[in-house]
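Here are my notes on the model you sent over, written as numbered points. Have the structure open while you read.

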Amino acid sequence: MSSFDTISRDWLIRFLEHRVGDRRIIRLIQKWLKAGVLEEDQWIETTEGTPQGSVISPLLANVYLHYVYDLWVQQWRTRYATGDMIVVRYADDTIVGFQHQDEAKRFLNDLKERLAQFTLSLHPEKTRLIEFGKFAAERRRRRGEGKPEMFDFLGFTHYCTTKRGGRGFQLGRMTQRKRMRAKIDEITEALRRDRHKSIDEQGCWLGAAIRGYFAYFAVPTNSRMMSAFRAHIGERWFQSLRRRSQRHRMTWERMGRLIDRFLPPARVLHPWPDQRFRVTHSR
């Protein structure tokens, strides 16, 4: 969905007034919406939507989508869904799964109409209706079609696969390639900028950066992409150290010891989804 730039401010204020009774807070938010943004020392007036980059914009967008999307989806499910229906939304990104294809088509048409009523629209390139799930591969094979399509969501590429030994369906997730390339380029630029620092300083910083990266992406079925990421960072670090001097003494054998010393190994840190869902709490 395209939300930040196209949110109706009139509707947003009406939604906020459902829960916020203090008019001073409402007026403060209205001033925030009209404050504009500062880009390269230039003030730019914002006449619609919420200011891009403003700290309050994600919160306001979530409030807006709660009334426009979340509550409406619950009503739609009750009225029209006869099979299983799964809805996941994070900010203005959403995935909706259906057991029946005809219900998926109806939902997509109804959603477009619903969003249009509140000055929102679906992203034309990211919005797709695909066959995915437990029976997708077999059905497509019977029709003489290729493998099920993949989709990107929250930095991961999701795909259909099978468990070890081919026993049963399994949802596969791997790091979105453009996300990984962007992170590698970001770290490479930092290495170039900090090339004068000692090897120990660089190694400690790289280790922390990779641990932070793995804290999000180290999910089951993503081991290959994590290993590739670690290997790419090791190669970029090697190239950076060799460029520090024309009379360098950095061999790949020595580099391997530095990588083992500073860069954390690529291993899965998160449980399988079914294990996470089985966790109970005293509440």
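**Notes on the predicted model**

1. Aromatics first. Keep in mind that this is a predicted model. Searching the whole structure turns up 20 aromatic pairs. Take Phe15 and Phe118: their ring centres are 6.1 Å apart and the planes meet at 40°, so this pair counts as tilted. Phe15 belongs to helix 1 (residues 9-19), while Phe118 sits in the loop between helix 4 (101-116) and helix 5 (136-142), so the pair ties together parts that are 103 residues apart in sequence. Are these two buried or exposed? Both Phe15 and Phe118 are buried.

2. Now for an edge-to-face example. Tyr216 and Phe217 pair that way, with 4.8 Å from centre to centre and 85° between the planes. The two partners differ in cover: Tyr216 counts as partly exposed because its relative accessibility is 41%, whereas Phe217, at 8%, counts as buried. Both belong to one aromatic cluster, together with Phe156, Tyr213, Phe214 and Phe229.

3. Two arginines are worth a look for their place over rings. The charged end of Arg106 sits over the ring of Tyr80, 3.9 Å from the ring centre. Arg173 does likewise with Phe156, its charged end being 5.9 Å from the centre of that ring. Phe156 is also a member of the aromatic cluster in point 2.

4. Next, the three-stranded sheet. The strands form an open sheet in the order 5-6-7, with antiparallel pairing. Which strands stand at the edges? Strand 5 (151-153) and strand 7 (169-175) do; each has a single partner strand, so one side of each is left without a neighbour in the sheet. On average, neighbouring strands here are turned by 40° against each other, direction ignored.

5. Let's go through the pairings within that sheet. Strand 5 and strand 6 run antiparallel and are joined by three bridges, with Asp152 standing opposite Thr157 in strand 6. Strand 6 (residues 156-162) is joined to strand 7 by seven bridges, again antiparallel. Along that second pairing, Thr161 has Gln170 as its bridge partner, and His158 stands opposite Arg173. Arg173 is the residue whose charged end sits over the ring of Phe156. As for cover, five of the seven residues of strand 6 are buried.

6. The turns deserve a check of their backbone angles. The hairpin of strand 5 and strand 6 has two residues between the strands, and Leu154 takes a positive phi near 55° there. Between strand 6 and strand 7 the hairpin has six residues, and Gly165 in that turn has a positive phi of about 85°.

7. There is another hairpin earlier in the chain. Six bridges join strand 3 (residues 85-90) to strand 4 (residues 93-98), and the two run antiparallel. Val88 stands opposite Ile95 in this pairing. Two residues lie between the strands, and Ala91 in this hairpin takes a positive phi near 55°.

8. On to the nonpolar cores. How many residues does the largest one have? It has 29, and those with the most contacts inside it are Phe229, Ile233, Trp237, Met255, Leu258 and Leu263. Two or more residues each come from strand 6, helix 6 (177-193), helix 7 (199-217), helix 8 (223-242) and helix 9 (252-262). Leaving aside neighbours within four places in sequence, Ile233 is in contact with Ile184, Ile187, Leu206, Ile210 and Leu263. A second, separate core has 26 residues, including Ile29, Leu65, Val73 and Phe118. Phe118 is also the partner of Phe15 in the tilted pair of point 1. As background, nonpolar side chains tend to be buried together in soluble globular proteins.

9. Last, Arg77. It is found in helix 3 (residues 57-80) and, at 34% relative accessibility, counts as partly exposed. Apart from neighbours within four places in sequence, Arg77 is in contact with Met85 and Val87. Its C-alpha atom is separated by 9.9 Å from that of Glu103, and the two residues are 26 residues apart along the chain.

How values were computed. Residues numbered from 1 in each chain as written. Predicted model: local features only at pLDDT ≥ 70, side-chain atom pairs only at ≥ 80, totals over all residues. Heavy atoms only, no water. Pairing = 2+ DSSP bridges. Helix = DSSP H or I, 4+ residues; strand = E, 2+ residues; numbered from the N terminus. Axes fitted to C-alpha atoms, helices over the stretch in contact; angles between N-to-C directions. Phe/Tyr/Trp six-rings, centres within 6.5 Å; stacked < 30°, edge-to-face > 60°. Buried < 20%, exposed > 50% of the residue type's maximum accessible area, 1.4 Å probe, protein only. Lys NZ or Arg CZ within 6 Å of the ring centre and 35° of its normal. Core = buried A, V, L, I, M, F, W, Y, C linked by side-chain atoms within 4.5 Å. Contact = heavy atoms within 4.5 Å.
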